[in-house]
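Trainee: Could you pick one part of this model and give me a close look at it, then tell me how its surroundings fit in? I'd like the cut-offs along the way, please.

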Amino acid sequence: MSSPENGSAEKSRRRFGGTVAQIRAALGFYKVFAYTTGVLLLLLTAELVARYGFHSVLMAGGQDASSGAEHGFGFVSVADDGSLAVTGGVNLSTAVLIVHGWMYVVYLISDFRLWSLMRWRFGKFVLIALGGVVPFLSFFVERRIHAETLAEVAANPQGSKRY
């Protein structure tokens, strides 16, 4: 017959891949990039609606191709052949695409870091990664992952590595 102490010792213990401080740092890093990626994904969605729904892109600076007048800041129509009505300037729509792409890469790094420290199953890594490609999902996933991480760390104080 097993005593209560032996019964709890027979259960598998939760083990983390790092210390509590490392997990909290990874969680903070993940949180920052979850929100950054989420906001940039919303901007990207708006940019795609403008580009494909209204055949426009957001431009800063440049000159009107037909009149030569200065263009300050605003939407510019895109011709069927892909040319713009403004020459020069900065295509902010393309900048949003590029910045979101690179922030998503950093988001995946933060996702991997937290996932590896928490030693979760691979499906959870994929779920967190999807947060950066589905509009609004990163905000909900971040809230859930943040709460789960803190709860797991609090419930398993013996689970972290001690150096």
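Mentor: Let's start with a term we'll lean on: buried means under 20% relative accessible area, exposed means over 50%, and partly exposed is in between, with a 1.4 Å probe and protein chains only. Keep in mind that this is a predicted model, where local features need pLDDT of at least 70, side-chain atom pairs count only at pLDDT 80 or more, and totals for chains, interfaces and linings use all residues. Residues are numbered from 1 along each chain as its sequence is written, and side-chain values use heavy atoms, with hydrogens and water left out.

My pick is helix α3, residues 92–118. The labels come from DSSP runs, numbered from the N terminus: helices are H or I with at least four residues, strands are E with at least two. A quick sanity check on geometry: the expected span is 1.5 Å times one less than the number of residues. For the 27 residues of α3 that gives 39 Å, and the end C-alpha atoms sit 38 Å apart, so the two agree.

Now walk along α3 and ask which residues are buried. They are Ser93, Val96, His100, Tyr104, Tyr107, Ser110, Asp111, Leu114, Trp115, Leu117 and Met118. What lies over them? The cover includes helices α2 (20–54), α4 (122–130) and α5 (137–155), along with strands β1 (56–60) and β5 (90–91). Contact, for this purpose, is heavy atoms within 4.5 Å.

The two ends of α3 each have something to look at. At the N-terminal end, Asn91 acts as a cap, with a side-chain oxygen 3.1 Å from the backbone nitrogen of Ser93. A polar contact, by the way, is a pair of N or O atoms within 3.5 Å; within protein, one must be able to donate a hydrogen and the other to accept it, and residues adjacent in sequence count only if both atoms are side-chain atoms. Just past the other end, Arg119 takes a positive phi of about 55°, although Arg119 is not a glycine. Arg119 belongs to the loop between α3 and α4, and with a relative accessible area of 47% it is partly exposed. There's a similar case further along: Phe136, in the loop between α4 and α5, has a positive phi near 75° and isn't a glycine either. Phe136 is partly exposed too, at 48%.

Next, the outward side. Phe29, Leu48, Tyr52, Leu97, Ile98, Trp102, Val105 and Ile109 form a nonpolar surface patch, with about 800 Å² of accessible area together. α2 and α3 are the elements that give two or more residues to this patch, and α3 gives the most, with five. Leu97 is in α3 and is partly exposed, at 33%. For the recipe: patch residues have over 30% relative accessible area and no salt bridge, with like charges joined within 9 Å and nonpolar side chains (Val, Leu, Ile, Met, Phe, Trp, Tyr) within 5 Å. Areas are Shrake-Rupley with a 1.4 Å probe; for residues, only the protein chains shown count as cover.

Finally, the helices that help cover α3 carry some charge pairs. A salt bridge is a side-chain nitrogen of Lys or Arg within 4 Å of a carboxyl oxygen of Asp or Glu, and the structure holds three. In α2, Glu47 and Arg51 pair at 2.8 Å, N to O; they are four residues apart, which means about one helical turn. Glu47 counts as buried at 6%, while Arg51 is partly exposed at 22%. Elsewhere, Lys124 and Glu148 come to 2.4 Å between their closest N and O atoms. That pair ties α4 to α5 across 24 residues of sequence, and Lys124 is buried at 10%. Glu148 also meets Arg144 at 2.9 Å, N to O, again four residues apart within one helix, α5, and so about one helical turn. Arg144 is exposed, at 52%. Together, Lys124, Arg144 and Glu148 are linked in a salt-bridge network.
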